[in-house]
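The following exercises are to be worked with the sequence and the model at hand. Each task sentence is followed by a solution in steps.

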2 protein chains.
Amino acid sequence: MRFLLFIFLLSAGTLEAQIPVDTLASMIKDVYRKVYTEELSYQWLTTLCKDVGHRLSGSPQAEKAVEWGKKTMDTFGLDAVYLQPVIVPHWVRGDKEEVSMKTKGAGTVPLKALALGNSVGTGKKGVQAEVIEVQSIDELKAMPDEKVKGKIVFFNRPLDKGLTNTFASYGGAADQRYSGPKAAGEKGAIAAVVRSLSTRKDDYPHTGSTFYSDTTVNIPAVAVSTNDADVLTKAVRAGKTEVFIRTSCEMLPDVQSYNVIGEIKGTEYPDQFIIVGGHLDSWDVGEGANDDGAGVVQSMETLYRLKKMGYQPKHSIRCVLYMNEENGLKGGKEYARLAKEKNEYHLAAIETDAGAGAAQSFSCTAGEGVVVEKHLGYLNPYVTTLLGPYDIELQTGGGGADIGPLKPSVGLLIGLRPESARYFDYHHSNIDVLENVHPRELASGTAAIVSMILLLDQYGIGNE
Amino acid sequence: MRFLLFIFLLSAGTLEAQIPVDTLASMIKDVYRKVYTEELSYQWLTTLCKDVGHRLSGSPQAEKAVEWGKKTMDTFGLDAVYLQPVIVPHWVRGDKEEVSMKTKGAGTVPLKALALGNSVGTGKKGVQAEVIEVQSIDELKAMPDEKVKGKIVFFNRPLDKGLTNTFASYGGAADQRYSGPKAAGEKGAIAAVVRSLSTRKDDYPHTGSTFYSDTTVNIPAVAVSTNDADVLTKAVRAGKTEVFIRTSCEMLPDVQSYNVIGEIKGTEYPDQFIIVGGHLDSWDVGEGANDDGAGVVQSMETLYRLKKMGYQPKHSIRCVLYMNEENGLKGGKEYARLAKEKNEYHLAAIETDAGAGAAQSFSCTAGEGVVVEKHLGYLNPYVTTLLGPYDIELQTGGGGADIGPLKPSVGLLIGLRPESARYFDYHHSNIDVLENVHPRELASGTAAIVSMILLLDQYGIGNE
């Protein structure tokens, strides 16, 4: 009843050139049916995970992913499919990775670990030193330098499981991985060990970027599984504990890579863009299924659906598969740089990079100098009517890393927000594989994005 | 902002004896934090799945589950924990189960199958006959009897994947399992094969109840996996195909079992009840983790939390663990019969029997002769304020099988509705195991139920 009233009110106010809300509601119903029945996103994700595999920037698989993305979109009959050159970093893990704990009581105990992305290796001999454990970078900084010098710093603050959204839990602990090794190096430590950023107790280490500054010495850094972090803290609290680390990772010279872009030209505002994208690169473990294979195939299917249904958008619609989100964001930055250079206005930029869980909402941030509430006030009745039946709502919040650089020349930055319970179980680990994606949950994101784009294209964002 | 306004408005209207809405919001926040951090539901589910195992009515494991439920609730410090005797059917699968397809071209091909619950066995020699495939009971009924006589009827209508809610997909196909074998028997068929009620293509057969009438001959009935249903239909369409079925299942005499009930006495309305429950029995395959171990432990933790936080409810609160939902509903019926006999008014009955997915909403039906919208109009502002932050909303819809018999003497029947994508992948099959439950998704249901009961107990349902 509530929905019907909205439909009436919204329809009464629409211009002739717009598709009436009730017609769009039928079109969206058909989109959901087709997306759920055909499971194309899942089919493509199967190929990306199993035939291409993990695909860190600079790797042969990353180039294979670029080729696959372009070749697949070439079959959609879009107005254009092209590669946008991007220079990306080329970090490699190497073939040696060994971390173990040494105590008087227990002898040598191997720890399940992965070198952190961007980190330097230890050299062939490895490094070994006594471990000091801290719960935060602040705790480390408050220590006298001589207590840290020559030691291995162990950052062990767990994710807060008491929060219902795991992205908030992650956000509250991730500084240890991003900035912990740098802070430890500045205090004279010789290496850093970070507790994996997962809400679950298990045996899978989770990698991810760490960042150094140019002015301090870079020290080797690894993540240990949450179970082994518990083993290590128990040993450290019981008495003097040393850790041995040998890694052979290194940063090689930058290489040429690409964003992959597919486009349908707009009929009324061809120079205004609505874009949707995910990142084509992944970490060099697992298959990058949730992060961000899911976002890649959802974005691709969005353009496939719009074309297949014969929809003629008012605005130009792009699918952008960004390269190098994980360890440099070069793709997102280059896309934004070129958009600015070509003076392209982006009405809305949608990012899907929060996993393949069941879609719950879109989180929105307005372009520079605009309060997002203005847009939400305009959009909410449409979203309630058109996406409410599928339990999708709007909220305020971040759009995503890759679309962030567009902020100066965008109407709305929009992030797809799936149910988050499972995401950080898999994130950046060997178990981010196809088997940990459900085809129907993946489909729920695809259908939500197609519907959101239809809505944005027809009714705009309320700032005209 | 919207929430704050509601809090003000609602608080202004509350009676002195009620906990103010903003205070209740803090209490609920604390409930969520504790439920997510401690993961008690998951701990208990681990015991139920791994130490008790599957537990069909009448089995030794069902009795073990009763003991475990009582023993565990005995530790909560409730006002009462007791067993409510129920006479239940005792169907057993036996140790022989063999289904295979025989064609001229391919010879004998084994099919993955499970006898349907309540069905009769084939006898030691088994049965073999030509297969005729139908898409519906209506299609079967329209056939001349002589075409069906002596044959094996294969019901092969798949679940409609195009619907976003798998319960709707299931509801649209389940008549084939419930009533197909009976209809086939009435037409003279000697056995029935039913396509498993799953949205997924895989190798797991899904059992479940089938029902006969007393006046017709009962024929053996099995479910085949969705993959093998596809194998079978391909063969049938290619030419004459026979199926061989040997099952040793049988219905034994009824046995004594129990509902398990825990109770906290109300301070203001001790004779009015708010209850929450799930069913303790499960099918005799897998571990009954999603169906309905999840509902059992969520209901138990609800009473644990209320007691542990020192909450003194106005109404009496009960956790009811029903016996025999799967193949008889004797527990739910007996609970309702005794409630009527004792003249107990139930303000609200909550059921959690829709799997361990992330909680999305509560679906509500009013008691006999009342329109549910009246209650929803009253409750919605409270739910928006108190449960909106956790993405939980109210909707109209069924409460659940076990609480259905309470309809004549209840205010509201309420069903917890979790995200449904994965539920029917596991339902009634060998893969309904603990490993297919996520602790945080399970916790989301527990926390939602505790919060809903606090809200109902404080503010009622608006019919006073």
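## Exercise 1: Helix packing against α14 in chain B

Helix α3 (residues 40-52) of chain B packs with α14(B) at an angle of about 115°, and their axes lie 8 Å apart. The model is a predicted one.

**Task.** Classify the relative orientation of α3(B) and α14(B), state the handedness of their crossing, and identify which residues meet.

**Solution.**

Step 1. Angles from 65 to 115 degrees count as roughly perpendicular. With an angle of about 115°, α3(B) is therefore roughly perpendicular to α14(B).

Step 2. The crossing of these two helices, α3(B) and α14(B), is right-handed.

Step 3. On the α3(B) side the residues are S41(B), Y42(B) and L45(B), and they meet P439(B), L442(B), A443(B) and T446(B) of α14(B).

Step 4. Sorted by class, the residues of this contact between α3(B) and α14(B) comprise 5 nonpolar, 2 polar and no charged.

## Exercise 2: A second partner of α14 in chain B

**Task.** Determine how α12(B) is oriented to α14(B) and which residues of the two helices meet.

**Solution.**

Step 1. Helix α12 covers residues 372-386 of chain B; it packs with α14(B) at about 140°, the axes being 11 Å apart.

Step 2. The angle of about 140° is to be compared with the limit for roughly antiparallel, which is over 145 degrees. The orientation of α12(B) to α14(B) is therefore oblique.

Step 3. Here, for α12(B) and α14(B), the crossing is right-handed.

Step 4. From α12(B), the residues Y382(B), V383(B) and L386(B) meet S451(B), L455(B) and Y459(B) in α14(B).

Step 5. The class count for the contact of α12(B) with α14(B) is 5 nonpolar, 1 polar and no charged residues.

## Exercise 3: The corresponding pair in chain A

**Task.** Describe the packing of α3(A) and α14(A) by angle and axis distance, then list the residues that make the contact.

**Solution.**

Step 1. In chain A, helix α3 (residues 40-52) and helix α14 (residues 439-459) have axes that come within 8 Å and cross at roughly 115°.

Step 2. That angle makes α3(A) roughly perpendicular to α14(A).

Step 3. The passage of α3(A) across α14(A) is a right-handed crossing.

Step 4. S41(A), Y42(A) and L45(A) of α3(A) make the contact with P439(A), L442(A), A443(A) and T446(A) of α14(A). The residues of this contact divide into 5 nonpolar, 2 polar and no charged.

## Exercise 4: The relation between the two chains

**Task.** Which kind of axis relates chain B to chain A, and which helices of chain B each supply at least two residues of the side that touches chain A?

**Solution.**

Step 1. A turn of 180° with a shift of 0.0 Å along the axis lays chain B on chain A with an RMSD of 0.0 Å. That is the relation of a two-fold axis.

Step 2. In the contact between the chains, 18 residues of chain B meet 18 residues of chain A.

Step 3. On the side of chain B that touches chain A, α2 (21-38) and α14 (439-459) of chain B each supply at least two residues. The most comes from α2(B), with 4 residues.

Step 4. The residues of this side of chain B divide into 5 nonpolar, 6 polar and 7 charged.

Step 5. Of the interface residues of chain B, 100% are also interface residues in chain A, so the copies meet through the same surface.

## Exercise 5: The domains of chain A

**Task.** Give the domain division of chain A and characterise the contact between its domains.

**Solution.**

Step 1. Domain 1 of chain A comprises 2-90 + 253-459, and domain 2 comprises 94-248.

Step 2. Taken over C-alpha atoms, the centres of domain 1 and domain 2 of chain A are separated by 35 Å.

Step 3. In the contact between them, 15 residues of domain 1 of chain A meet 17 residues of domain 2 of chain A. The side of domain 1 that touches domain 2 in chain A has 7 nonpolar, 6 polar and 2 charged residues.

## Exercise 6: Backbone geometry

**Task.** Where are the cis peptide bonds at D292(A) and D292(B) placed, and what is the phi of N343(A)?

**Solution.**

Step 1. The peptide bond from D291(A) to D292(A) is cis, with omega near 0°. D292(A) belongs to helix α10 (residues 289-308) of chain A.

Step 2. In chain B, D291(B) and D292(B) are joined by a cis peptide bond with omega about 0°. D292(B) lies in helix α10 (residues 289-308) of chain B.

Step 3. Although N343(A) is not a glycine, its phi is positive, at about 60°. N343(A) sits in the loop between α11 (330-341) and β13 (345-351) of chain A.

Methods
Residues numbered from 1 in each chain as written. Chains lettered and ligands numbered in written order. Predicted model: local features only at pLDDT ≥ 70, side-chain atom pairs only at ≥ 80, totals over all residues. Least-squares fit on C-alpha atoms with pLDDT ≥ 70 in both. Contact = placed C-beta atoms within 7 Å. Nonpolar A, V, L, I, M, F, W, Y, C, P; charged D, E, K, R; others polar. Axes fitted to C-alpha atoms, helices over the stretch in contact; angles between N-to-C directions. Parallel < 35°, antiparallel > 145°, perpendicular 65-115°, else oblique. Left-handed = near helix turned anticlockwise from the far one by under 90°. Domains from an automatic or database assignment.
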